[in-house]
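Please work through the exercises below with the sequence and the model open beside you. Try each task before you turn to its solution.

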Amino acid sequence: MQIYIHIPFCARKCNYCDFLSGPADAQVQEMYVNALMHEIRGRSSSVGRNEKITSIYFGGGTPSILSAKQLGDIYATVTQEYSVADDAEITIEVNPKSADRDKLHFLRGMGFNRLSIGMQSTHQSELEMLGRIHTYDDFLECFINARDAGIKNINVDIMTAIPGQTEQMLEATLNKVIDLDPEHISTYSLSIEHGTPFYEQFGDIEGPVVGEETERKLYWLTVDMLKAKGYRHYEISNFAKPGFESRHNTGYWRRNRYLGMGLGASSYLPGAGGFERCRNTTSLETYLQNPMTREESSVLTRQEMIEEAMYLGLRLMDGVDTQAFENEFGVSVRSIYADVIDDLAAQGLVYEGASSLSLTDLGLDYGNHVFAKFLK
Ligand code: SF4
């Protein structure tokens, strides 16, 4: 079982971001922390004390915007109420501007053993365009402080397909990050989302602002450079030194159970009628009044579970574990999808191994097209 904790606050909204996050004053943040701890206690009875928590992930928003004490109180509530495994992966997302030396030392002391730093680019012009509040030097200081605090598992987020980004610019960003030797690197292609300043600026664009061809060039430049430096390309957008693949995210792609707490947090849990996906209220006002409020809850049909197993599994370079699929559903992948697989394999988009089905390199360029074939 995994736990996700959502902290929906940021110092300022980035120009591209449509996540459930935004600025809030100190009083609202304190009220939120109290509501969140109420929810953490309230949901603990639904998880057996024998159920080991293998990963905890503080995401957002910007979790590091909270004070060390607030983060410590939330974390302590989780460890008091749930049975956290001794070797659990405990991650917190941080913004370089709100994770100073003292806070990082405190977090490491509390038990956080993995840091995910939102950097996006080493170029000031790109950081400004994205509306990030930090500089590259802020990131560098944060990274060095994290190492000094004893954090041995660090992820760095990099954004690609930024308007105006050239291969040379991305190469320079990647080289600077590689030189720091983080254990994990996540790269995401910029897309324009409704309701963001970028949507106002660039309009209703289908696909990347830089164009499909450039976006793919930048993607493969990233893959080639990181693989050459010993990073395993283990998911479409994620790279890790061997053994440092994100346990939390891999659990999500492998459809492990997780309990999400906080504003708008989703959960995937076994219920009386089968596996349920539920989502907490996305209204901050409602959450502060009653943090146990669910906005959505539905029991997944067998067909929905099969489809999820396919499109989430295909995101991983190891692909769908077809034996595990058969063990879970009692039928083989082939017995359901033979025509689809044969068709995609003939186009060179998927590879069928002895006990796996995965995207080929060409398939990576047409991921959404491939996933859609496994949906009814
Ligand atoms: S810091 Fe992250 S969550 Fe906050 S606005 Fe920027 S991208 Fe969105």
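The exercises that follow go from the domains to the cores, then to single residues, strands and the ligand.

The model is predicted, and local features need pLDDT of at least 70, side-chain atom pairs count only at pLDDT 80 or more, while totals for chains, interfaces and linings use all residues. Residues are numbered from 1 along each chain as its sequence is written, and side-chain values use heavy atoms, with hydrogens and water left out.

**Exercise 1. Find the domains of the protein chain and describe how they meet.**

Begin with the bounds, which come from an automatic or database domain assignment: domain 1 covers 2-252 and domain 2 covers 301-376. Next, take the C-alpha centres of domain 1 and domain 2, which lie 29 Å apart. Finally, look at the contact between them (contact means heavy atoms within 4.5 Å), to which domain 1 gives ten residues and domain 2 gives ten residues.

**Exercise 2. Locate the largest nonpolar core and say where its residues come from.**

A nonpolar core is a set of buried Ala, Val, Leu, Ile, Met, Phe, Trp, Tyr and Cys residues joined through side-chain atoms within 4.5 Å, where buried means under 20% relative accessible area with a 1.4 Å probe and protein chains only. The largest such core has 88 residues, and I5 and I74 have the most contacts inside it. Its largest share, seven residues, comes from helix α8 (residues 212-228); helices here are DSSP runs of H or I with at least four residues, strands are runs of E with at least two, and both are numbered from the N terminus. Domain 1 and domain 2 each supply at least three residues to this core. As a last step, follow I5 outwards: leaving aside neighbours within four places in sequence, I5 is in contact with L36, I40, Y57, F58, G59, I74, V78 and M261. Another core, of ten residues, lies apart from the largest one and has C14, C17, M159 and I192 among its residues.

**Exercise 3. Decide whether Q120 and L316 are buried or exposed, and list what they touch.**

Q120 sits in strand β4 (residues 114-120), and Q120 counts as buried because its relative accessibility is 9%. Not counting residues up to four places away in sequence, Q120 touches Y16, L130, R132, D157, I158 and M159. L316 belongs to the loop between α11 (302-313) and β13, and with a relative accessible area of 5% L316 is buried too. Under the rule of not counting residues up to four places away in sequence, L316 touches Y234, E235, W253 and R254.

**Exercise 4. Trace the pairing of strands β7 and β8, then that of β14 and β15.**

Two strands pair if DSSP finds at least two bridges between them. Strand β7 (residues 232-235) and strand β8 (residues 238-240) run antiparallel and are joined by three bridges; H233 stands opposite F239 in β8, and the two strands form a hairpin with two residues between them. Turning to the open sheet of three strands, read its order as β13-β15-β14, with antiparallel pairing. Its edge strands, β13 (320-321) and β14 (350-352), each pair on one side only. Three bridges connect β14 with β15 (residues 356-359), and L359 in β15 is the bridge partner of V350.

**Exercise 5. Which residues are around the ligand?**

Collect each residue with a heavy atom within 4 Å of the ligand, which gives C10, R12, K13, C14, Y16, C17, F19, S21, G61, T62 and R132. Sorted by type, this shell holds five nonpolar, three polar and three charged residues.

Definitions and conventions:
Ala, Val, Leu, Ile, Met, Phe, Trp, Tyr, Cys and Pro count as nonpolar, Asp, Glu, Lys and Arg as charged, and the others, Gly among them, as polar. Buried means under 20% relative accessible area, exposed over 50%, partly exposed in between (1.4 Å probe, protein chains only).
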